[in-house]
Structures are given as C-alpha cells and as structure tokens.
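Hi everyone, thanks for coming. I'd like to walk you through one protein today, starting with the whole thing and then stopping at a few residues.

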Amino acid sequence: MKKIIAVFAAAMLFAALVFGEDFAWKREAAQAHGLPSDIGERLHKILDQTSDIHAWAFAKDGALIEDFYRPPYNPQTRFAIHSCSKSITGTLVAIAIEQGKIKGLDQLASDYFPYATASQKQTLKNITIRHLLTNTSGIAVSDAPNWTEWRGSPNWVEWILNRPAPHRPGEVFSYATQNTHLLSYILQNATGEKLFDYAKKNLFDKIGMKSAVLSSDAQGIGDGGNGYTLTVEDMLRFGQLYLNGGKWQGEQVVPEYWTREAGLAHVKRNASTANYGWQFWVREFNGADTFFAWGYAGQFIFIIPSRKIVMAFASSHTGSVAVYFNAVRAAIDASK
C-alpha cells in the first residue's frame, strides 16, 4: 500500500512539474524588486480614473507586485480577451514550426487549401505564413468595415477566401482578424487537432493556464483571433513566458528566438500608436522597447523585457488607450 501511495505521489509531483501547476504568483514587496514603495498608489492614481477597467495586475522579476479587481470581479473571473487571442495563436504557430508540423514562416498558405477554387487560389497566391502573422496578406479584409458581414456568414474561412486580393503580399498592412483565422485553420490542418486541444497540450497545460476557454466557428475552427477567455493572472502568466525566453520551469515551451523576434517591428506603420510584429503590437515607452497583445475594449498584455515587467488589463473601456499607456510609462519610470 505504501508503495502505491509513493508511486501516486511521485506521479502527482511529475504532473505538477510538467503541467506548471506548482507555479503560483508570489506577492512580494515593491522594494524587493527595486521599485518605490508607492508604485501601487501611482498606478491606482492613473488607472482609477475610469471604472471601466475591471481588473489589472503588475509583475516584475516574476513576482506579483500589485493587482486590483473591481467588484464583482475577482481572480477567478474569466475575461474575453478579444484580439489578445492573436498573440496566443501566433505562439502556437511558433510551436508548430518547432515541431515540424509547419515548414516555416515562408511556407505558402495555399498548401493547406488543396480544394480551393480557381478564384480562391488566385486570392491565396504567394501568401505565406509570415504574411498572415504580420497582417500583410493583401486580401481585402479589415476588422472595421468587414466584421459584421464576416461574423454573420455561414462559413468564415470560405468568406475570407472569396475576398479579392488587390495588393501583393507583404506590401500593405491591414489589421484583420480574418488573417489570424486563416492561421487557426492552418494550425488545425497542420496538427490534425482542434486549435484548443493543441493549445492546451502544447502551451496551456505546460505553464498552468487552467482558465483558458476558446470559442469556434460553425465549422469547428477555433476563433484564434478573437475567441479566448482568460483570468488576468493567466494573461500575466502568458506574458511571463515571453519574459522567460519561452522557458517554463526548465522546459523550452516556445522557441527562444520567437520570444525575441515576435516583438520586433516587422511592419513599420505611419501611425503614432504602434508598429506590428508577429501577432503582437510593438512600440517604445519612455525609452523601453515594449511589445503587447491588444484586444478590443482595453484588454492588454504588456511585455517589457529590459525592465522584466509584465502588465495585464481586463476592461470594457472603448475610449482612449492613454490610460493604459500612461500606466505602462509609470511602471517603466519607477523601475529605472
């Protein structure tokens, strides 16, 4: 009997190590991480200007420094993270490439659509995985004017493939969830698994993101561009994985090169908000290079490598993003 118990305990310990369940955010004093003792007050002063921010968290050096939940929200609340989902899907592309399930960034998307019609093949012509990651596919899609029509269509993938492609791939940036949905389709075809099942086995379970849930389209393709829900702590955990160089408790979950290069400006935009990487937004805040997942109504995961900072926000704020950017600036300034 003792032997059975010992074996069971060893198995549980192994599972905890493999699936990241033994990691829990440690709450530590700001001063222990070179921050002023009033950093929490400084952040609250900025973020409490709107009641639309439901929850947020600030971590440095892998320690939780400050978090906040506006009632009735709490640490167990799952939030729809909207387009922050794109950064998760981009990460799964990296894992699939590492596993050899996708040949590389320059593999043609058309390889995964053998039954496309002649006009659809023309739309897909010369589009690569890289183009979909950077929203430079050339397909005439964009969230703002196309959202309702696309989401109301009976087959989301067919709707995208039936759009014209007026630009050569790589020439024009057009932010479009449809590009990420094609990546979701490609991932399911390349791996032979549902998007969520693949994500759970290769990402979520490995780093202990237990809260993740994903919606799908009518054909069962995971809504990788908009459909995840997460707790704020799991949003923070995802960001910490990138700060760790893709490593979690000794295991390389995401290739290290990807955690560096996904957050580089692969597309330079003529806009003051941010440039674009591989399913991440990219910009500098007060001298610190930062990349971030950004979802509708103020869902954010900010990753600031030089300061070893991750910040996460869950909101219903459709106004100016200045409140979030100002909080990031305050955290960066405090960490100098």
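Let me begin with a bit of bookkeeping about charge: Lys and Arg count as positive here, Asp and Glu count as negative, and His and the chain ends are left out. With that in hand, the protein has 33 positive and 30 negative charges, and the mean positions of those two sets are 3 Å apart. Please keep in mind that what you're looking at is a predicted model.

Okay, the overall picture. If you go along the chain, you'll meet 12 helices and 12 strands. The C-alpha trace spans about 60 × 60 × 35 Å along its principal axes. So what radius of gyration would a compact globule of 336 residues have? It would be near 20 Å, and the protein has 20 Å, which agrees.

How much of the protein is buried? Of the 336 residues, 55% count that way. The accessible surface comes to about 14500 Å², and carbon and sulfur atoms hold 52% of that. Now take the contacts between residues at least 6 apart in sequence: 66% of them join residues at least 24 apart.

Let's zoom in on helix α3, residues 85–98. This helix has 14 residues, and from its first C-alpha to its last it reaches 20 Å, close to the 20 Å expected at 1.5 Å a residue. Is α3 mostly covered or mostly open? Mostly covered: 13 of its 14 residues are buried. After the helix comes G100, with a positive phi near 80°.

One residue in α3 that I'd like you to find is S85. S85 has a relative accessible area of 0%, so it counts as buried, the cut-off being under 20%. Which residues does S85 touch, once we skip those up to four places away in sequence? They are G224, G225, N226, G227 and Y228. Compare that with R70: R70 and S85 are 15 residues apart along the chain, and their C-alpha atoms are separated by 23 Å.

Next, two loop residues. T136 is found between α5 (129–133) and α6 (143–151). T136 is buried because its relative accessible area is 5%, under the 20% limit. Leaving out neighbours within four places in sequence, T136 is in contact with H131, P169, G170, V172, F173 and V267.

The other one is S211, in the loop between α9 (195–207) and β4 (213–214). At 6% relative accessibility, S211 counts as buried too. Setting aside neighbours within four places in sequence, the contacts of S211 are R78, T229, L230, T231 and D234.

Last topic: backbone oddities. Most residues other than glycine have a negative phi, and most peptide bonds are trans. Now look at P71 and P72, which are joined by a cis peptide bond with omega about 15°. You'll find P72 in the loop between β2 (63–69) and β3 (79–80).

Then there's H82, which isn't a glycine but has a positive phi of about 50°. H82 sits in the loop between β3 and α3, and at 21% relative accessibility it counts as partly exposed.

N126 also has a positive phi without being a glycine, near 70°. N126 lies in the loop between α4 (118–124) and α5. Its relative accessibility is 46%, so N126 counts as partly exposed.

That's my tour, so over to you for questions.

Key:
Residues numbered from 1 in each chain as written. Predicted model: local features only at pLDDT ≥ 70, side-chain atom pairs only at ≥ 80, totals over all residues. Heavy atoms only, no water. Helix = DSSP H or I, 4+ residues; strand = E, 2+ residues; numbered from the N terminus. Rg over C-alpha atoms; globule rule 2.2 N^0.38 Å. Buried < 20%, exposed > 50% of the residue type's maximum accessible area, 1.4 Å probe, protein only. Contact = heavy atoms within 4.5 Å. Areas by Shrake-Rupley, 256 points an atom, 1.4 Å probe, with all protein chains shown as cover. Charge placed at Lys NZ, Arg CZ, Asp CG, Glu CD. Expected span 1.5 Å × (residues − 1).
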